[in-house]
Structure formats: C-alpha cells, structure tokens
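Please look over the sequence and the model shown here before reading the notes. The notes take up one topic at a time.

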Amino acid sequence: MNVFYIDDHFVKEDQAMISVNDLGLLRGYGVFDFLRTYNLRPFHLEDHIRRLETSARLLDLPMPRTRRQILDITMKTLSRNDLTEANIRIVITGGVSPDSITPGNSPKLLVMVTPQHPYPEEWYRNGVAVITTCHERYIPGAKSTHYLPAIIALSRARRENAVEAVYTDRYNRILEGTTTNFFAFFGDHLVTPGIAVLPGITRQVVLKLMQNEFDIDIRDIQKNEIPMMDEIFITASNKEILPVVRMDDRTLGDGTPGPRTRWVMKIFAAYTCAYGEGKD
Ligand SMILES: Cc1ncc(COP(=O)(O)O)c(C=O)c1O
C-alpha cells in the first residue's frame, strides 16, 4: 500500500486522515502541486515547491513548512514507497477553523506518492480531441484545490469524446486547459498565452527547450484564430506533450499529429530521459 506523509507522520494511505472540519473540505480552501518522477527522480521538484509557495501566498494561506523542509519530506515520502515510477501530490489545506470559515493558522501538509498510470499510447500516436469552454479561473496563477469548473467541463469533454476542455475568456481568448497549458503552431511560430494561466512547469521546460528550435511568441490567442493553427498541443506534468488533432468541430491538418509537435515530443522525451539519469 502507498505511504503518505501527513501531520509529521508517514502512514499507510488508508490511515491518512484529515479533519472533517478542515477548510479544504468545507470551503475548498487549499493549494497543491503535482509532479512525476523520471527514473524515480522527481521532475523539477524545486520549481514545483516554489510554485506551491506562490499558490499559498496568492491565497493568503501560510506555508506550514519551509521549501527546504517540504523538499526533504517529499524525498523521504518517496523513499518509503517501493515504486518504479511515481506521481507526487503535495497538498496544503486550510486546516481546522474556529468558525468554519476563518483560517485558524493550522494549515495541514500532505504528501501523497502513488504509482504512475501511463495514458493510452494511441493518444500520443494519433492525437486527441479537445473542446473549448468559457471560464476564467479565479486567481489563475495559483494551483488551488478548487477544480469545480474543471470537473464539470471535463465531464462534458468526455461526453463529446474529447480528453480536455480548454478555457476561453470573455474576450474570446484561449487560455489553458483544465489541467494543461495550450500551445499552437502557426507555421514555424510556436505560440502560447502568457497571462491568466497557471505557469506550468512543463510549459516552462518546453519554452526553454524550444527557444532555438522555433520562433516563440508569448501572446494572447483569439478563438477565431483556430482555423489558422497548423498544429496544437497541450502540456502537463502527467500528460507531458499531448498532440491535439481536433478542437471543437475543427480538425487540424490531416487529423494526425504534425511534424513540429512530434519534434517537440521527441526533444522533451530526450530531456526527461536525461533528467532521469541525473543530467541537468
Ligand atoms: C490549470 C492548469 N494549467 C496548467 C497545468 C499544467 O501545469 P504543469 O505543467 O506544471 O503540470 C495544470 C496542471 O495541473 C493546471 O491545473
């Protein structure tokens, strides 16, 4: 059984308990970060913990431990699990509140280590469909535990045989997916939105790896630009680089992942492989 860290203890998953009075449960007041390992090395752990700290700050949620302590706790939790490759979820909840709404200065830290479940190989070979949905995330720079619009949008996406819902805002700008960042190729220009999105760690790595490969534009993308897009992909820690071949009713190109996206996937795979071997 998986071993989790909670409240200064390492416990079996089924012993990891949190109070029913926790603001995370009662009010959705909490933040988290999620990452995976390559060859059991947590991918950009320090960047994820830094983002966790930013998320907490944006929500006015005190950090229960320092960044260094969270890093050590995460590594210890990982070592107590006997896995070949892991997903890691670091959660800070609001803790128990005296009146069920005011934070009581007792945030809880949880580190959950679970086995990785790869996504279907055909998603990467054939590409996937996504839908668009109008929604603006509250405090988009924070990875809060509030995913209500995401859960609803994803159910609709599944009903429409899509794997992700991409948010658009009131100005018809394309922002990001429910749990992914959005990229489009216009010819050799690789474009991704720069504002009102979560600063994805995968996005950041892709931008760095691609800086000498393509012209990069970080700019607003309008929904009515979809017909001009040659290729689309979405990025996330768990999905890595996922090619998109249909957006709403529009099929991109010949309906298969394009050469530029396949190049991004190849370079990213080489990077993660080297990362797992301790390089970088
Ligand atoms: C809203 C949102 N955008 C983007 C991402 C991708 O971020 P990362 O690449 O750090 O996993 C996530 C991840 O869950 C997310 O929830």
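The points below cover the ligand site and then a sheet. This is a predicted model. The ligand sits in the largest pocket, and the protein buries 96% of the 390 Å² that the ligand exposes when taken alone. The sheet is an open one of six strands with antiparallel pairing.

**Residues around the ligand**

- There are 18 residues around the ligand, and those that come nearest are Lys 143, Tyr 147, Glu 176, Thr 202 and Ser 237.
- By type, the shell around the ligand has ten polar residues, four charged residues and four nonpolar residues.
- Two helices and two strands are listed as each supplying at least two residues of this shell: helix H2 (45-58), helix H6 (201-209), strand E9 (173-177) and strand E14 (231-236).

**Polar atoms close to the ligand**

- In the side chain of Ser 237, an N or O atom is 2.7 Å from an oxygen atom of the ligand.
- Glu 176 has a polar side-chain atom 2.8 Å from a nitrogen atom of the ligand.
- For Arg 51, a polar side-chain atom lies 2.8 Å from an oxygen atom of the ligand.
- Taken alone, the ligand would expose 390 Å², and 96% of that is buried by the protein.

**Order of the sheet**

- Reading across the open sheet, the six strands come in the order E2-E1-E6-E5-E3-E4.
- Why is one side of strand E2 (9-12) and of strand E4 (41-42) left without a neighbour in the sheet? Each of these strands stands at an edge and has a single partner strand, so one side of each has no neighbour there.
- In a regular strand, side chains point alternately to one face of the sheet and to the other.

**Pairing at the E2 edge**

- Strand E1 (residues 3-6) pairs with E2 over four bridges, in the antiparallel sense.
- Within this pair, Val 3 stands opposite Lys 12 in E2.
- E1 and E2 form a hairpin with two residues between the strands, where Asp 7 takes a positive phi near 55°.

**Pairing at the E4 edge**

- Which strand is joined to E4 by two bridges? Strand E3 (residues 30-38) is, and E3 and E4 run antiparallel.
- Here Thr 37 stands opposite Pro 42 in E4.

Note on methods
Residues are numbered from 1 along each chain as its sequence is written. This is a predicted model: local features need pLDDT of at least 70, side-chain atom pairs count only at pLDDT 80 or more; totals for chains, interfaces and linings use all residues. Side-chain values use heavy atoms; hydrogens and water are left out. A residue is near a molecule or strand if one of its heavy atoms lies within 4 Å of it. A polar contact is a pair of N or O atoms within 3.5 Å; within protein, one must be able to donate a hydrogen and the other to accept it, and residues adjacent in sequence count only if both atoms are side-chain atoms. Accessible areas come from the Shrake-Rupley method with a 1.4 Å probe; for residues, only the protein chains shown count as cover. On a 1 Å grid over the protein atoms alone, a cavity is a set of points where a 1.4 Å probe fits but cannot get out, and a pocket is an open set with protein on both sides within 12 Å along at least five of seven lines; lining residues have an atom within 4 Å of a point. A molecule sits in a cavity or pocket if more than half of its atoms lie within 2 Å of its grid points. Ala, Val, Leu, Ile, Met, Phe, Trp, Tyr, Cys and Pro count as nonpolar, Asp, Glu, Lys and Arg as charged, and the others, Gly among them, as polar. Two strands pair if DSSP finds at least two bridges between them.
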